[in-house]
Amino acid sequence: RGLSVGANDVSVCNLLGEMIMPVKAEAPIRQNISVFDVSSLAPGIYYLEMRSAENTFRAKFVKSAGQQ
């Protein structure tokens with residue numbers, strides 16, 4: 001079962017669950033592949049949160065110091 005979301009239903013959150021920034025896809029969301037610009041984030045641990053009317057999906061990711 002997939003999660004179908006709109007552009008305003010995706011955000012980056014900190015470890016406390018606070019929204020850091022809403023996410024706009026750099027490329028159209030298709031075939032389960034999306035590109036997001038996180039270059040403005042400081043190195044650290046974050047969650048990418050996607051919400052629909054029925055579900056919420058949260059994936060943890062790490063931004064390291066050398067990443068753009």
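**A four-stranded sheet and its nonpolar residues**

Leu15 turns out to be exposed: its relative accessible area is 52%, and the cut-off for calling a residue exposed is over 50%. In this predicted model, Leu15 sits in the loop between β1 and β2. Leu15 also has company, as it forms a nonpolar patch on the surface with Ile45 and Val62. Together, these three residues offer about 280 Å² of accessible area.

As for the overall layout, the protein chain has zero helices and four strands, so reading from the N terminus simply gives β-β-β-β. The four strands make up an open sheet, and their order across it is β2-β1-β3-β4, with antiparallel pairing. The edges of the sheet belong to β2 (19-22) and β4 (56-63); each has a single partner strand, so one side of each is left without a neighbour in the sheet. Going from one strand to the next, the twist averages 25°. In general, strands of a sheet pair through backbone hydrogen bonds, and they can do this in a parallel or an antiparallel way.

Now for the pairings themselves. Strand β1 covers residues 10-13 and is joined to β2 by three bridges, with the two strands running antiparallel. Here Cys13 has Met19 of β2 as its bridge partner. Towards β3, β1 is joined by four bridges, again with antiparallel strands, and Val12 is found opposite Leu48 of β3. The pairing of β3 with β4 is antiparallel too and runs over eight bridges. Gly44, for instance, has Lys63 in β4 as its bridge partner. These two strands, β3 and β4, form a hairpin, and four residues lie between them.

What about the inside? Of the 68 residues in the protein chain, 24% are buried. Nonpolar side chains tend to be buried together in soluble globular proteins. The largest nonpolar core here is a set of nine residues, made up of Val10, Val12, Met21, Val23, Val38, Leu41, Tyr46, Leu48 and Met50. At least two residues of this core come from β1, and at least two from β3 (44-51). The biggest contribution is that of β3, which gives three residues. Val12 and Leu48, which stand opposite each other across β1 and β3, both belong to this core. Leu15, by contrast, belongs to the patch on the surface.

Note on methods: Residues are numbered from 1 along each chain as its sequence is written. This is a predicted model: local features need pLDDT of at least 70, side-chain atom pairs count only at pLDDT 80 or more; totals for chains, interfaces and linings use all residues. Side-chain values use heavy atoms; hydrogens and water are left out. Two strands pair if DSSP finds at least two bridges between them. Axes are lines fitted to C-alpha atoms, for helices over the stretch in contact, and angles run from 0 to 180 degrees between N-to-C directions. A nonpolar core is a set of buried Ala, Val, Leu, Ile, Met, Phe, Trp, Tyr and Cys residues joined through side-chain atoms within 4.5 Å. Buried means under 20% relative accessible area, exposed over 50%, partly exposed in between (1.4 Å probe, protein chains only). Patches are made of residues with over 30% relative accessible area and no salt bridge: like charges are joined within 9 Å, nonpolar side chains (Val, Leu, Ile, Met, Phe, Trp, Tyr) within 5 Å. Accessible areas come from the Shrake-Rupley method with a 1.4 Å probe; for residues, only the protein chains shown count as cover. A salt bridge is a side-chain nitrogen of Lys or Arg within 4 Å of a carboxyl oxygen of Asp or Glu.
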